[in-house]
Amino acid sequence: MLEVEGLVAGYAGTPILRDISLRLDRGETVGLLGANNAGKTTLINSLSGIVTPMAGRIIFDGRDVTRATPMQRVEMGIIQVPEGRLVFPEMSVRENLLLGGFCDRARPLRPRQMEKVLALFPRLKERLSQPAGTLSGGEQQMLAIGRGLMAEARVLMLDEPSLGLSPLFVQYIFGIVDQLHKDGLTMLLVEQNLNLTLRHAQRCYVLERGHIAVEGAAEVVKNDPRTRQAYLGL
Amino acid sequence: MIKDDFFKTLASPWLWGIVLLGAMLPMVLSSYYTHILTIALVYVALASAWNIVGGMSGQISLAHSLFIGTGAMLSAALLVKLGINMWAGLVIAAATAGLLGAIIAWIDFRFQLGHLSFVLITLAFAEMASIVVEGWDFLGGASGLLLPQDTGNFLDFQFGGGRGAFWVMLGLATIIVLVNVAILNSPLGYYLRTIRDNEKAAQAIGVNVLRQKTTAMVISAVLTSIVGTAYVRYLTFADPYLLASPVITIEIVLFATVGGLGRAYGPALGALLLVPLGEVLRGKLGGAVPGLHYFIYGIVVIVVILATPSGLLPLFERLFWRRSRMLPKI
Amino acid sequence: MSELWQALAQGVFIGSTYGLLALGMGLVYGVSGVVNFAHGDFISLAMFMCLALFSAFSLDPYVSVLITIPVMTAIGALVYRFLLRPMVGYKFLMVVQLTLGLSLVLQNGILMIFGGQPARTPSIVESKLIILGDVVLRLAHVIACAVAFAMAIGLYVMLRSTDFGRSIRAVHQNAHAAALMGIDVGRVQVMTFALGIGILAVAAALLLPGTPIQPTQGLQYTVITLLVVVLGGMTNFVGIMLGGLVIGISEAMGTVYVSDTLGRLVPYAIFVLIMLFRPQGLTWRAS
Amino acid sequence: MSITRRTFGIGTTSLVLGTVAAPWVRRASAEAAAIKIGVINSMSGGLSAYAQEGQPALEYMIKKINDGGGIKSKGGAKIQLIQADDTSQPARTATEARRLITEEKVQLLTGTILSAQMLALTPVLDELKVPTLSIWAGGAHSNYMFSLGYPYDRGYAQTMHDFIVSLRDNKFPIKTAVMSYSNYEAGQQVNSFLVPKLKASGIEIIGEAPLDTRAQDQTSAMIRIRSLKPDIVTGLVTPRDGILLHQARFNLNYHGSIFVGGTGGYSDLSLWKDLGPEVGKAVLTRNLFAMTGFSAGAKIDSMQKVVTELRDVAKLDRIGQGAIQYAQAARVLQRVLEASSSLESDALLDAFKKFDMPFGDPDLYVAKPKGLQFADDRLLKDGSAMMVQWLPDQGQEVVFPKEFAQAAPRART
């Protein structure tokens, strides 16, 4: 469904990612692992179109989207739930969700999607008119995911969903991930938390300083010694 | 404490060569062009003095007309109204300006003003100061003050106008640019940049923000006031609408920014290019269509900014890379 | 006592137009971080457009506004697209200087076309008075005040409950996240700048009756607008209208009750005091 | 986008160079024998209204002089005007004067040159010694400066004072006054002379309502005046502040005091246009007397003639104080050049000092019962002006001084 070939990307002319190739099949949950500064966020931003690739191709649903703008990608259904949630703090939960369904494709479906999201996260329903900035970290993460779902995501990319959450909330969020997987959503899980990701993803890629060090089924990655190496930076 | 780079600059034949060459210009130029260069040097000095706060520590002060006005109007009033020698007036005015600067720095720190609040509060101070000056008889009111003729008596702070004034301004401008170089090569410069880039982080690593900001503001205010006194002596007419109006600060900030903010030679470069451009445009076109020269000047400013959005100095460095290495890069 | 009411009325009317002038600037600042020093000159531009329309077609400013709104909006969009957008990412102050250059161009362009003498644009309401006992109100003022508040409310509602409004607020609160929602940040910035300039067309028509205009007036409008915007807390429309009222009323009170030229100090002094003790502006919620 | 940044840059650069070069090209063809007069005006900036009104009248008059054979005592030399713009900033007046004198080699200087500009010019003129005729200044400080403006003291202040006293003698009840003047240098200066004069004549000053020259509305100042309810409101008011002041008076529907002021802000014919006929009629024709140097209604033939000529022949659309002063300046410069023994600075200076244009001279356009001469302070010896009252048909009637008066002052219509 989403394919990346030979991607090179970075900031201000300095490449951070070198020759990345990866693939997401329909309905799959794929983990993207790596230590800090391995280039995970740069990669996910390249997929969202925030960072323009210097070389390589990104193919979505058989279409080359390498040069597509962030807006066009959202329109196609490539949705990012950014690291640190980045909810709009001065807007209510409802408004945040409405903005999630801002793109032309999702806009007519907003009432229906809203119902779905609120069914998935009953907590949000109670807080609908509360400013997002007053929510707890876990609730904000729910909102961020809910906001991503509002766009009728076809690929949902979650950037560090466990970051800064209590273990209980982490459990909850990954429970949601499993449920979404069951519903057939294609997902890219970008995580630092190795074991957690390996438990919830079918396949994984391990990034190490800008290139893919290990790839394969979760079990394979788990047992590959290079995975630990990539993490420890050895 | 000051880094070797500063002394290298001091010993640089380039620096003194340019200054000496500049000093010889009035010998070959007519009195009109000498005058234009004198004005340009006034703005070099003012923009460089402003740069110490506006460029280095990132406090965009629009209150500098307060310091210029203090240096100019106060020393002029002391001379005209009380007969106080202008050298003494210069010192009194500079001390007053330094005190005003310290107060403004303290207010900024005490009330933790944001960027834009600081800009606007200093603008409000400047507006109030100009209203007070225009309404206060001692400072000449709206009519201003006429100084006695400049007969070249050095003891009375007179330099004989023309070339004399040019050399005084050249000296002042050189000193202030060198003060910029010195600060950038000293712990103060380092602290100021740290504060500019992240005040909280600076505080966290133990920088005394109040002291560093105050030091910068006081140095800037004192230097600005001295230039104000020298400028009014040259003009002979202390005009409140010029010397105590926020408009002059806006011009200074324009030169400093277009030249290259926070750099030692940037503001000087901006003033040296833009002031003569404005003067010559006005001289050539002022009699033609009213406003045409300003119109073109405005377009030039826009084009320059769009062409080199980080300032003229970086552009010049790119163009004359070899030569700029002779002058220590700051 | 009637003087107090009269002064208060004057302050409210002037203040509400200040607020109206400032709404556009607050909007633009919130979305693209631009402090536009040519703001006042855009007001001038709109006013002189009304004058030109009167000279050519005898149009009343209240009618001309139908033409000046789209024209000013288009000018705003072009200015943002071709002058300000290339500056995104460079120093804040450099952008300010660019708008100063623009101010020189606008002011002197107007001077070249219209000359420097004060000019009047007649309007049907310019000589209409409403007399309430000792207090005399100008119809033009009353209309201006009403429209100013109506527009402030309209903008508020637009920001709250339309998708366009929400996208503006999203860009203001987090441009990166807004892009991830599929919002075209650049387009939102162009449109808000255009809207901010378009509002000035309305303000210009409201201010015109009974006000002689000159090309040089721009900077004074800019300074007042800046004070009001900062006082209002930059992006909060309620705060901005309030800021306008504070400046307008203190200006009127200062002139009426403080003798000599010192009366002019009052609005600035009040501004400084408020800013020192409420640095985030007049809005009550701390940021 | 077809216009790149580079081509835009080149385009504007060549525009700049082209326009910079234009005056040079033009100069090459100028006549050799011409007498050069530098004209420093505030063509842009806050004071641009004055010069923009007057400059066309000056140009018209100089062209007329040139067409009439130039300066006859100098072999029919033509006068060439070389213009400069000081952008309403005195420091730049000095810069432009230096340029005109040293680069353009002008023999005389003239222009609006208000008092602050005169002060700024002082060191330049003391150094370069070129006689200068200001058209509007109320003070002159260098030996080389002369002015056609009303002196602050014996011009503005004395005229307004004398008129106010004469009103009182005419049974107008006048005991109290509020000083309302444009708050800039001339306004403040006139006020400082007028206040003691009024006090000496037994009029109590009960308050001040200075007009902020940058304000867009003077209603607040008028509220202050209304609350003080003085018998008289007086002071020097610029044209723009005048418009705002009268508009404010209309806004408050206030007719309780008598307004006596000048010059442009009370007497310019353009006030009707600036206020609109309805407002103009309501405030100008009621309880208002204006100081002016000329009036279409005054019984002076030469003045009537020049007004008609500027209107019908020169086709000026705005004939106020400015136009007449500039036209007068052209005639003064012509006479000085004719009378001067040479074009050297000392000779010209001498001609200025001996200048005399008696009352009744066909070239005397301003109302001076004793004619035009310069006193030792190089300001007009007879600095007096007239007071007029407005008629509903937008005409004026002179009411003071007696020499020119057409009607008695009346309070209301």
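**Entry 1: one tyrosine in chain C**

I started at C:Tyr18 and found its place in helix α1 of chain C, which covers residues 2-32. The model I am reading is predicted. Is C:Tyr18 buried or exposed? Its relative accessibility is 9%, and buried means under 20%, so C:Tyr18 counts as buried.

Next I looked up what C:Tyr18 touches, not counting residues up to four places away in sequence. I wrote down C:Ile224, C:Val228, C:Gly244, C:Ile247, C:Gly248 and C:Glu251. I also checked C:Val136, which is 118 residues from C:Tyr18 in sequence. From C-alpha to C-alpha, C:Tyr18 and C:Val136 are 21 Å apart in space.

**Entry 2: which chains touch**

I went through the chains in pairs and noted four pairs that touch. Among these four, chains B and C have the most contacts. Chain A does not touch chain B, and the nearest C-alpha atoms of the two are 16 Å apart. Chain A has no contact with chain D either; there the closest C-alpha atoms lie 20 Å apart.

**Entry 3: chain B against chain C**

I noted 42 residues from chain B and 40 residues from chain C in this contact. The size of an interface is often given as the accessible area lost when the parts come together. For chain B and chain C I have about 3,600 Å² buried between them, with 85% of it on carbon and sulfur atoms.

How many salt bridges cross the interface of chain B and chain C? I found one. It joins the side chains of C:Arg264 and B:Glu134, at 3.9 Å from N to O. For residue pairs in polar contact, both at pLDDT 80 or more, the count between chain B and chain C is zero.

I then listed the elements of chain B that each supply at least two residues to the side touching chain C: α6 (115-135), α12 (246-260) and α14 (292-307). α6(B) gives the most to that side, with 13 residues.

**Entry 4: chain B against chain D**

Here 40 residues of chain B are in contact with 39 residues of chain D. Chain B and chain D bury about 3,400 Å² between them, and 60% of it is on carbon and sulfur atoms. B:Tyr32, B:Arg282 and B:Lys284 supply 17% of the area that chain B buries against chain D, more than any other three residues.

I counted three salt bridges between chain B and chain D. One of them pairs D:Glu96 with B:Arg282, whose closest N and O atoms are 3.0 Å apart. I also have 13 residue pairs in polar contact across this interface, both residues at pLDDT 80 or more.

Which element gives the most to the side of chain B that touches chain D? I found α14(B), with nine residues.

**Entry 5: aromatic rings**

Over all chains I have 25 aromatic pairs. The rings of B:Phe6 and B:Phe7 have their centres 5.3 Å apart. Their planes stand at 70°, so I recorded the pair as edge-to-face. B:Phe6 is buried at 11% relative accessibility, whereas B:Phe7 is partly exposed at 43%. B:Tyr190 and B:Tyr191 form a tilted pair, 5.8 Å centre to centre with 55° between the planes. B:Tyr191 is partly exposed, at 30%. I also noted one aromatic cluster formed by B:Trp87, B:Phe154, B:Phe157 and B:Phe159.

Last, I looked for charges over rings. The charged end of A:Arg107 sits over the ring of A:Phe102, 4.6 Å from its centre. In chain B, B:Arg110 lies over the face of B:Phe111, at 4.6 Å from the ring centre.

How values were computed
Residues are numbered from 1 along each chain as its sequence is written. Chains are lettered from A and ligands numbered from 1 in the order in which they are written. Side-chain values use heavy atoms; hydrogens and water are left out. Rings of Phe, Tyr and Trp (its six-membered ring) pair if their centres lie within 6.5 Å; planes under 30 degrees apart count as stacked, over 60 as edge-to-face and the rest as tilted. Buried means under 20% relative accessible area, exposed over 50%, partly exposed in between (1.4 Å probe, protein chains only). A charge sits over a ring if NZ of Lys or CZ of Arg is within 6 Å of the ring centre and within 35 degrees of the ring normal. Contact means heavy atoms within 4.5 Å. Buried area is the accessible area (1.4 Å probe) that two parts lose on being put together, summed over both. A salt bridge is a side-chain nitrogen of Lys or Arg within 4 Å of a carboxyl oxygen of Asp or Glu. A polar contact is a pair of N or O atoms within 3.5 Å; within protein, one must be able to donate a hydrogen and the other to accept it, and residues adjacent in sequence count only if both atoms are side-chain atoms. Helices (H or I, at least four residues) and strands (E, at least two) are DSSP runs, numbered from the N terminus.
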